[in-house]
Amino acid sequence: MRAVIWEAPGKLATTEVADPAPRHGELVIQVSACGICGTDLHIADGEFPPTPYPIIPGHEFAGRVAARGDGIPPGWRDGDRAAVDPSLFCGYCPMCHSGRGNLCENWNAIGDTVNGAFADYVAVPAANAYHLPDSVNDAQGALIEPLSCAVHGLRRIGPVTGHDLLLTGAGTMGLLLLQLLTNAGARSVSVVDRKPSRLAAATAAGAKEVAEDVSGLDGRTFGVVVDATGAPAAIEAGFGALDRGGRLLVFGVTSADAAVSLSPFRIYNDEITVLGSMAVLNSFGAAADLMAAGSIDTSPLLGMPFTISPGTGQRPQRRGHQSPGHPRANTVSVDTSPGPEPYPDPSAQEGRHQGVLLTGADGADGPKAFYIHIEARPGKTGEVRQMLHDILGCVLDEPATGPWFGVQYSPTTFGIFEVFTNLSGRQAHVDGGGGDIFRDLERMNAILAHPAHVYRLDVLMSKQVFTT
Ligand SMILES: [Zn+2]
Ligand SMILES: [Zn+2]
C-alpha cells in the first residue's frame, strides 16, 4: 500500500509498504479521509515526545472496513463506513483505573505512537471504531476526532450557560469549540484571532464580536476564557481578561518547554480556575452523534485535499505524474506536462521542467501544510537553496529547523530538497500573524517554476488531507 512515513523528524517519504493484517480484535480500515492536525506538525518537527520514528502519521480519519480479525464485536461487515477513536489506553495504570485514560501512564494513539492513516490502510482495534451514518461524509468523519477533543474540553470547563466567553484562536479547533460553546448556552462568545479570514468564519459561526487582539475588546472581562491557540502570549492575555471567579481552559497545545506568566495573587484573590484539556476521553461517541445530528457546520473547517502520489520521494521517478486530488480553487495543484526523458539527464532537458502552482484563493488561508520535492539544476543548487531560505525562512542543511519546518537536504549531482512546511504557521512565526501569505506563494511559484533553476518538482502529501 501507499504510505507517508516520517522516517525521522523532518524526513518524510512517500513509499510502498506492506498492507497491515488484522490481529485479534482488529479491523483494517481502508482510509477515505485523514486530517492534518497541529500535532502532526509537531511530529514532523520531532517536538511530540511520545512519537517514535519511523511512523506513519494520521490520527483523524475515516474509511471503510476492508478486513476483520478474530474476535470482532458483532455488527461490523466489510465495507462498513467507520470513524476511529485513535486513543490507545493501557487500562491497568492508576490513571486508567481512575477513569482518566487520556492521562494513561502508557498512553498511545494511532498515528501518534503507532502507525496511522496517512496510508491506504490502517489496522485499528474494533473497540475504537464507530459506525458512520450516510449523513456524515468521509471528511466530516475525519473531523469527529478533533470534535471529540473539543467535547472533552467542554466537559472540563464545566457549565457555560449564561456566561460571556472569550475564545482565543479561530482555527479548526477554535471554530469547533465556538459552535459547541454557543450550543451549550453561552450568552456570548467573543473571538480573538490574528487572521481576518478566521474572524470572518467565527462571525459566521456565531461569534458576538471579533478582534485581532484581546486589547481590541475594550477592556471587557469574561467568566470563561478558552485558549485554542497554544500561544503563550494569547494564554496570558486571556488570563488577563478573566472576571473574578473566572475559569481559563488551556486547550491549545504549546511546545513542551513553553512558559507563561500568570499572577498567583489573582488566582488566589479572584479565585481563578485554570484547567487543561488533553485529547479524547470517552468523548468520541458524543462527537460522532453530534456530527450525525448535523449539529456542527463543517463547511468552514475543510481545506484543500491532497493525494498520496505513489512512487514519489524515490529517484529516478516515472515520467510526468498525476495532479493530486481534485484540483479546485483552494488547492495545491501540479502542472502535469510531460517530465524529462530519459531521467535524469539535465544536458538534454533545457527548458523542460515540472511546474508547481501553489494557490490560496477566495480569501481563504491557502495551503497550510504541504510537502514539496525539488531538484535544482546542476550549478543552481546554491541559488535554489538561498531562495528557499529566503522564502521559507529555513536552513536547508539541518534535518529539522524551528517549529514550522521539516527540511531535508541531500547534496547530489542535482540539489535535492525536500521541504515540509506550514505556510500559515510560518507567517505567524515570522511577522506575528496577518501579513500576506499569497505574496510569498507568488514568489515561490515564480522562482520554482523557472526552468533555469529547477529541474523537477513534486508536491507530495496524503489524500484528502485538510488542515486543522
Ligand atoms: Zn489531532
Ligand atoms: Zn493506562
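In this predicted model, the largest nonpolar core holds 97 residues, and the members that touch the most others are Ile 29, Leu 147, Leu 165, Leu 167, Leu 177, Leu 178 and Val 226. Helix 3 supplies the largest share of this core, 10 residues. At least three residues of the core come from each of domain 1 (2–132) and domain 2 (154–276). The protein chain that contains this core has 11 helices and 22 strands. Of its 468 residues, 50% count as buried. Among contacts in the chain with a separation of 6 or more, 71% are between residues 24 or more positions apart.

Two members of the core were examined through their contacts. Ile 29 belongs to strand 3 (residues 26–35). This residue counts as buried because it has 29 C-beta neighbours inside 10 Å, where 20 or more are required. Residues up to four places away in sequence aside, Ile 29 touches Gly 63, Arg 64, Val 65, Ala 66, Ala 82, Val 84, Tyr 121, Val 122 and Val 124. Val 65 lies 36 residues from Ile 29 along the chain, yet the C-alpha atoms of the two are separated by 4.6 Å. Leu 165 is in contact with Val 160, Leu 181, Ala 186, Ser 188, Val 189, Phe 222, Val 224 and Val 226, when neighbours within four places in sequence are left aside.

Strand 3, which holds Ile 29, takes part in an open sheet of five strands, ordered 8-3-4-5-9 with antiparallel pairing. Strand 8 (121–125) and strand 9 are the edge strands, each pairing on one side only. From one strand to the next, the twist averages 45°. Within this sheet, strand 5 is joined to strand 4 (residues 60–68) by three bridges in the antiparallel sense, with Ala 83 of strand 5 as the bridge partner of Ala 62. Three bridges, again antiparallel, also link strand 5 to strand 9; here Ala 82 stands opposite His 131 of strand 9. The side chains of strand 5 alternate in direction: Arg 81 and Ala 83 point one way, Ala 82 and Val 84 point the other way, and all of these residues are buried. Helix 3 lies across strands 3, 4 and 5 of the sheet and runs at about 100° to strand 3.

A second open sheet has six strands in the order 12-11-10-13-14-15, paired in parallel. Its edge strands, each pairing on one side only, are strand 12 (209–211) and strand 15 (273–276). The twist from one strand to the next averages 20°. At one end of the order, strand 11 (residues 188–192) and strand 12 run parallel and are joined by three bridges. Glu 209 in strand 12 is the bridge partner of Ser 190. Helix 3 also lies across strand 13 (222–227), strand 14 (242–250) and strand 15, running at about 150° to strand 14. Helix 3 therefore lies across strands of the five-stranded sheet and across strands of the six-stranded sheet.

Two further helices pack against strands of these sheets. In helix 6 (residues 232–240), the buried residues are Ala 234, Ile 235, Ala 237, Gly 238 and Phe 239. These residues pack against strand 10 (164–168), strand 13 and strand 14. In helix 8 (residues 284–292), Phe 284, Ala 287, Ala 288, Leu 290 and Met 291 are buried. Viewed down the helix axis, the buried residues of helix 8 fall within an arc of 160°, so they line one face of the helix. The elements covering them include strand 5 (81–84), strand 9 (129–131) and helix 3 (138–157). Helix 8 is followed by Gly 294, which has a positive phi near 75°.

Notes:
Residues are numbered from 1 along each chain as its sequence is written. Chains are lettered from A and ligands numbered from 1 in the order in which they are written. This is a predicted model: local features need pLDDT of at least 70, side-chain atom pairs count only at pLDDT 80 or more; totals for chains, interfaces and linings use all residues. Helices (H or I, at least four residues) and strands (E, at least two) are DSSP runs, numbered from the N terminus. A residue is buried if 20 or more other C-beta atoms lie within 10 Å of its own, exposed if 12 or fewer, and partly exposed in between; C-beta atoms are placed from the backbone. Two residues are in contact if their C-beta atoms, placed from the backbone, lie within 7 Å. The arc is that of the directions from the helix axis to the C-beta atoms. Two strands pair if DSSP finds at least two bridges between them. Axes are lines fitted to C-alpha atoms, for helices over the stretch in contact, and angles run from 0 to 180 degrees between N-to-C directions. A nonpolar core is a set of buried Ala, Val, Leu, Ile, Met, Phe, Trp, Tyr and Cys residues joined through C-beta atoms within 7 Å. Domain bounds come from an automatic or database domain assignment.
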